[in-house]
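I opened this entry to keep track of what I looked up in one protein chain. The notes are in the order in which I checked things.

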Amino acid sequence: MSPDTLEHDPVQAPASNQTPTAAVLKPTRPGTITLTRHGEPALSRKCLLTSDQYRAWWAKYEEGGLLAGQTPPPELLAAAEGAGVIFASTRPRAQETAVAISAGRQITSDVLFIEAPLPPPRFPSWFRLPPKYWGAVARFWWHAFDHHDGQETRREAEARAEQAAQILIARASTGEDVLVLAHGYFNHMVGHRLKADGWKLVHNQGFRYWSQRRYQRV
């Protein structure tokens, strides 16, 4: 697992010996869980890179923030206003997204939601691709061949996604709507775990920047 991933205590199930008052106050339905991708990063993708150069590009991407002058979509601002809790990845692009949509509200930042790694396979130096296509190649090698280059493995990332899903489910079970500001592929992994646990994708804006994917308990 990535060295900056936190350990979390297991989510505790609610006690079965609830008082009548607690039973009355129990929410009639869980809240929704909305997985949102961050805004557009500042680092340009308009370049051709070798595999080694892409490694350096990705490291810079992980440390960078958002492209200036963006305006969050009104629908996302409304989702943030109605959320009972907002989680965010600790990466700068996710943190700046959180600031842009939260209107000063408290944000729960957690390395648990950082992106799964993208180490590319080593290709000859004459082979060059734009970052967008290197990302697709690296993700395929990581997913299909578990090429992790000493970083987080696919199995470790899947376990992290399950852990994240359970934390979100536990929070939504209180009746609060939950909003997560994170990354495209890791959001996809968390969404897969939510579906496996009986949550349905009810609102789908895909995986573009600022997009939302909302899940509701079936």
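The notes below go from the whole chain to the core, then to the strands and one loop residue.

**Whole chain.** I am working from a predicted model. I looked up the secondary structure first and found seven helices and six strands in the protein chain. Read along the sequence, the pattern is α-β-α-α-β-α-β-α-α-β-α-β-β. I then checked burial: the chain has 218 residues, and 42% of them count as buried. For the surface, I noted about 11500 Å² exposed, with carbon and sulfur atoms supplying 56% of it. I also looked at contacts between residues at least 6 apart in sequence; 73% of these join residues at least 24 apart.

**Core.** Which residues touch the most other members of the largest nonpolar core? I listed Ile-33, Phe-113, Leu-168, Val-190 and Leu-194, out of 25 residues in that core. Next I noted the elements that give two or more residues to this core: β1 (33-37), β2 (85-88), α6 (154-172), β4 (178-182) and α7 (184-196). The largest share, eight residues, comes from α6. I picked Val-190 for a closer look. Leaving aside neighbours within four places in sequence, Val-190 is in contact with Leu-35, Ala-161, Ala-164, Ala-165 and Leu-168. Apart from the largest core I found another one, of 11 residues, including Leu-66, Ala-88, Leu-179 and Leu-181.

**Strands.** I followed β6 (residues 212-217) and its pairing with β1: the two run antiparallel and are joined by four bridges. Within this pairing I marked Thr-36, which stands opposite Gln-212 in β6. I then checked β5 (residues 199-204) against β6; this pair also runs antiparallel, with five bridges. Here Trp-199 stands opposite Arg-217 in β6.

**Loop residue.** I turned to Gln-205, which sits in the loop between β5 and β6. Is Gln-205 buried or exposed? Its relative accessibility is 16%, so Gln-205 counts as buried, the cut-off being under 20%. I looked for what its side chain reaches, and found the backbone nitrogen of Gln-212 at 2.9 Å. Not counting residues up to four places away in sequence, Gln-205 touches Glu-75, Trp-210, Ser-211, Gln-212 and Arg-213. Gln-212 therefore appears twice in my notes: Gln-212 is reached by the side chain of Gln-205, a residue that counts as buried at 16%, and Gln-212 has Thr-36 opposite.

Definitions and conventions. Residues numbered from 1 in each chain as written. Predicted model: local features only at pLDDT ≥ 70, side-chain atom pairs only at ≥ 80, totals over all residues. Heavy atoms only, no water. Core = buried A, V, L, I, M, F, W, Y, C linked by side-chain atoms within 4.5 Å. Buried < 20%, exposed > 50% of the residue type's maximum accessible area, 1.4 Å probe, protein only. Contact = heavy atoms within 4.5 Å. Pairing = 2+ DSSP bridges. Polar contact = N/O pair within 3.5 Å; in protein donor to acceptor, adjacent residues only side chain to side chain. Areas by Shrake-Rupley, 256 points an atom, 1.4 Å probe, with all protein chains shown as cover.
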